[in-house]
Each structure stands twice: as C-alpha cells, then as structure tokens.
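Q: I'm new to this one and would like a close look at a single part of it. Could you walk me through it slowly?

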Amino acid sequence: MKNNKQLVKYSKLLQHYRNLFTTKQLEYLDDYFNGDLSFYEIAKKFHVSPTAVHDSIDHSKQALLHYEKHLQICQKSEKRLRLIQQIKDPKIKKALTLIEK
C-alpha cells in the first residue's frame, strides 16, 4: 500500500531532480508515483520482473533523498514560494512566481 504523504514527497523531489535519471528510471518512477501503478503493473508494461522494478524504484528513491540531502533544491524552492506568498505588492509577487516556475 502506498502512503500518500510519501507519494507527494517523492513526486516533488522527482520534479526537481528528474534530469539526473535515465529514461527507463523515469518511466518506472512516473508510472509508480504519478500513474499510481503497482510494481507488477509496471513490470508487465515493460516486460521485466516485479523485483527488477522494485529494485529500480527503491534505488531511485534513495538517490532522490541523497540529492535532496546534499543539494536541498526542493527545500529551497518551497522556502522561496513561502516567502513570495508573504509579498504584498501583486506585481512583484506575480513576477517572482513566474521566475520560480
């Protein structure tokens, strides 16, 4: 059973670090986190074993945590967004929000 809190956490991390993964890893991760597919369903789709999918996703999750621990891109982005929300001037707020995206 997938934990929704964990899904959101890894989905956010994946948005920031997706360029650090191979195409195959991204396909597995997108299907698992964003497509809500099981290991079995992903394995069937790519003609591999569920164990191979599990290992790949587990390794990728560890990599995401490692990247965030050292680079803190997701944490810094969320902090910037919180600070932008505190800005009163709508023009400045809009400009900064566009830059963040």
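Let's zoom in on one residue: is Ser56 buried or exposed, and why?

A: Happy to. One thing up front: this is a predicted model. Ser56 counts as buried, because its relative accessibility is 16% and the cut-off for buried is under 20%.

Now for where that residue sits. Ser56 belongs to helix H4, which covers residues 50-71. If you skip its neighbours within four places in sequence, Ser56 is in contact with Gln25 and Tyr28. Helix H2 is made up of residues 23-34, so let's follow the trail there next.

One residue to stop at in H2 is Asp30. Asp30 is partly exposed, since its relative accessible area is 22%, and partly exposed covers the range between under 20% and over 50%. Again leaving out the neighbours within four places in sequence, Asp30 touches Leu14, Arg18 and Gly35. With Arg18 there is something extra: the side chains of Asp30 and Arg18 are joined by a polar contact of 2.9 Å. For a sense of spacing, take Asp30 and Glu41: they are eleven residues apart in sequence, and their C-alpha atoms are 13 Å apart in space.

Asp30 also has a part in how two helices meet. In general, a pair of packed helices is described by the angle between the two axes and the distance between them. Here the pair is H1, residues 4-17, and H2: their axes come within 10 Å and cross at roughly 145°. The crossing of H1 past H2 is left-handed. On the H1 side, the contact is made by Leu7, Tyr10, Ser11 and Leu14, while H2 brings Leu26, Leu29, Asp30, Tyr32, Phe33 and Asn34. Sorted by class, the residues in this contact are seven nonpolar, two polar and one charged.

While you're looking at H1, find Lys9, which is also in that helix. Lys9 counts as partly exposed because its relative accessibility is 36%. Lys9 and Leu29 are 20 residues apart in sequence, with 13 Å between their C-alpha atoms.

For a look at another part of the chain, go to Ala95, in helix H6, residues 90-100. Ala95 is partly exposed, because its relative accessibility comes out at 38%. Ala95 and Asn4 are 91 residues apart in sequence, and 32 Å separates them in space, C-alpha to C-alpha.

Now step back and take in the whole thing. The protein chain has six helices and zero strands, so if you read along the sequence you get the pattern α-α-α-α-α-α. Its C-alpha atoms fill a box of roughly 55 × 25 × 25 Å along the principal axes. The radius of gyration of the chain is 17 Å, whereas a compact globule of 101 residues would have one near 13 Å. Of those 101 residues, buried ones make up 27%, and Ser56 is one of the buried residues. Finally, if you take the contacts between residues at least 6 apart in sequence, 49% of them join residues at least 24 apart.

Conventions:
Residues numbered from 1 in each chain as written. Predicted model: local features only at pLDDT ≥ 70, side-chain atom pairs only at ≥ 80, totals over all residues. Heavy atoms only, no water. Helix = DSSP H or I, 4+ residues; strand = E, 2+ residues; numbered from the N terminus. Buried < 20%, exposed > 50% of the residue type's maximum accessible area, 1.4 Å probe, protein only. Contact = heavy atoms within 4.5 Å. Polar contact = N/O pair within 3.5 Å; in protein donor to acceptor, adjacent residues only side chain to side chain. Axes fitted to C-alpha atoms, helices over the stretch in contact; angles between N-to-C directions. Left-handed = near helix turned anticlockwise from the far one by under 90°. Nonpolar A, V, L, I, M, F, W, Y, C, P; charged D, E, K, R; others polar. Rg over C-alpha atoms; globule rule 2.2 N^0.38 Å.
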